[in-house]
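Student: Please give me a close look at one pocket. Start with what lines it, then follow the neighbouring parts outward. Keep it brisk.

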Amino acid sequence: MTITDEDCLAETLAFNEQFEAAAAGRPVREGPPDAARLAALRRNRLGGDTPPELLPQGQDRVVDGGVRVRVFVPEHVDGVYLHFHGGGWAFGSADGQDARLWLLARRTRLAVVSVAYRLAPEHPFPAGPDDCEAAARWLVRHAADEFGSDRLLIGGESAGAHLGVLTLLRLRDRHGITGAFRAANLLFGPYDLSMTPSQRSFGSRRLLSDTGSLRRTYELFTPGMGAEQRRAPEVSPLYADLAGLPPARMVVGTEDPLLDDSLFLAGRWQAAGAPVRLGVVAGAMHGFTLFPLTVTERELRREQDFLSTAGR
């Protein structure tokens, strides 16, 4: 584990304080969101109240199984990055961060394929993971023909990181596919939906996610499941056999309720035989890359550097 960006700690903590103060002025929403709230959250950019900017470089496609993806192809392609967006399996969208994904594609020379997986509560577990699995299998079969490269990478943010790990496990366990994806890029994911100690002890600090909001999110995604059922490896990859998975890069902030998830998963991943590069960002809250911070600029550059070189 490496704690990074301690020189930015004052700026990062000051932003957290401002964010928390602003959140304190908004009502706490109990129970599942109504249809109007869901529509607003899905229409607007994560972490803000404005619609995302759509770029003409994003191409919407439908692949095997009727799964929708959004594709960004730079002039030169040295590989393909299969991306899963965050949003608690209920919000977010494949076209919600065009500017970031197009910049990533250009700087890494990767075609980026972002999956528009089905969202809860209309489509609870296992609908989202099913879509991600289908998109990954399509890419394994067709990446060379579609993009001119079979160098495949996988990853995502928050719920997208969880889906990335589940997809690797499903490819291995259901289809005997290992080694097709050469590296995983996993940002602040929830890997134990029965709740790690850091999730349970975080409390009500409103730093994008807290103990209560995580619990409500899990109830939306896995309705009717208790803690023991959510501990099943097909739901919580922290409890899975991790043998045969590729090298990984994991990132989480010290002020994230999901801190333990990355710490624990990194330890088990490495014990299973694959190298892990774990970065813990000093003072950063959950989803910090959504916000205009020095640590965000640094993290995005580190992500680009990793994806540019991984799996070569």
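Tutor: Residue classes come up at once: Ala, Val, Leu, Ile, Met, Phe, Trp, Tyr, Cys and Pro count as nonpolar, Asp, Glu, Lys and Arg as charged, and the others, Gly among them, as polar. The model is predicted: local features need pLDDT of at least 70 and side-chain atom pairs pLDDT 80 or more, while totals for chains, interfaces and linings use all residues. Residues are numbered from 1 along each chain as its sequence is written, and side-chain values use heavy atoms, without hydrogens or water.

Take the second largest pocket (on a 1 Å grid over the protein atoms alone, an open set of points with protein on both sides within 12 Å along at least five of seven lines; lining residues have an atom within 4 Å of a point). Its lining has 6 nonpolar, 4 polar and 7 charged residues. The space in this pocket is about 260 Å³ (the volume filled by probe spheres set on grid points joined across faces, edges and corners). There are 17 lining residues, and Arg68, Ser93, Ala94, Ala116 and Tyr117 are the ones nearest the centre. Two elements each give two or more residues to this lining: β2 (59-63) and β3 (67-72). Strand β3 has the largest share, with 4 residues. (Strands are DSSP runs of E, at least two residues; helices are runs of H or I, at least four; both are numbered from the N terminus.)

Strand β3 also meets helix α3 (residues 98-108). The buried residues of α3 pack against β3, and they also pack against β4 (79-84), β5, β6 (152-157) and α10 (294-309). Those buried residues are Asp98, Arg100, Leu101, Trp102, Leu104, Ala105 and Thr108. Right after α3 comes Arg109, with a positive phi of about 60 degrees.

Now go back to the centre of the pocket and pick Tyr117. Tyr117 sits in the loop between β5 (110-115) and α4 (127-147). Tyr117 is buried because its relative accessibility is 3% (buried is under 20% relative accessible area, exposed over 50%, partly exposed in between; 1.4 Å probe, protein chains only). Beyond four places away in sequence, Tyr117 touches Phe84, His85, Gly86, Trp89, Gly128, Asp131, Cys132 and Leu163 (contact is heavy atoms within 4.5 Å). Take Cys132 from that list: the two C-alpha atoms are 6.4 Å apart, though the residues are 15 places apart along the chain.

The loop that holds Tyr117 has two cis peptide bonds to look at. One joins Ala120 and Pro121, with omega about 5 degrees. Pro121 is in the loop between β5 and α4. The other joins Phe125 and Pro126, with omega about 10 degrees. Pro126 lies in that loop too, between β5 and α4.

Next, the rings. Trp89, already met as a contact of Tyr117, belongs to an aromatic cluster with Phe125, Tyr218 and Phe221 (rings of Phe, Tyr and Trp, its six-membered ring, pair if their centres lie within 6.5 Å; planes under 30 degrees apart are stacked, over 60 edge-to-face, the rest tilted). Phe125 and Phe221 are both buried. The count of aromatic pairs comes to 8. One of them is Phe15 and Phe19, a tilted pair with 6.3 Å between centres and 40 degrees between planes. Both of these residues are in helix α1 (residues 9-24), 4 residues apart, about one turn of the helix. Compare the pair in the cluster: Phe125 and Phe221 have ring centres 5.7 Å apart and planes at 85 degrees, so this pair is edge-to-face. It links distant parts of the chain, with Phe125 in the loop between β5 and α4 and Phe221 in helix α7 (residues 211-221), 96 residues apart.

From the cluster, step to His162. This residue touches Trp89 and Phe221, and also Pro190, Tyr191, Leu193, Val235 and Pro237, leaving out residues up to four places away in sequence. His162 is buried, at 0% relative accessible area. Its helix is α5. In the loop between β6 and α5 you find Ser158. Phi of Ser158 is positive, near 55 degrees, in a residue other than glycine. Ser158 is buried as well, at 13%.

Helix α5 (residues 159-175) leads to the last stop. It gives the most, 3 residues, to the lining of the largest cavity (points where a 1.4 Å probe fits but cannot get out). This cavity has a volume of about 70 Å³. Its lining includes Leu168, Leu171 and Arg172, along with Phe181 and Pro246. By class, the lining has 7 nonpolar, 3 polar and 1 charged residues.
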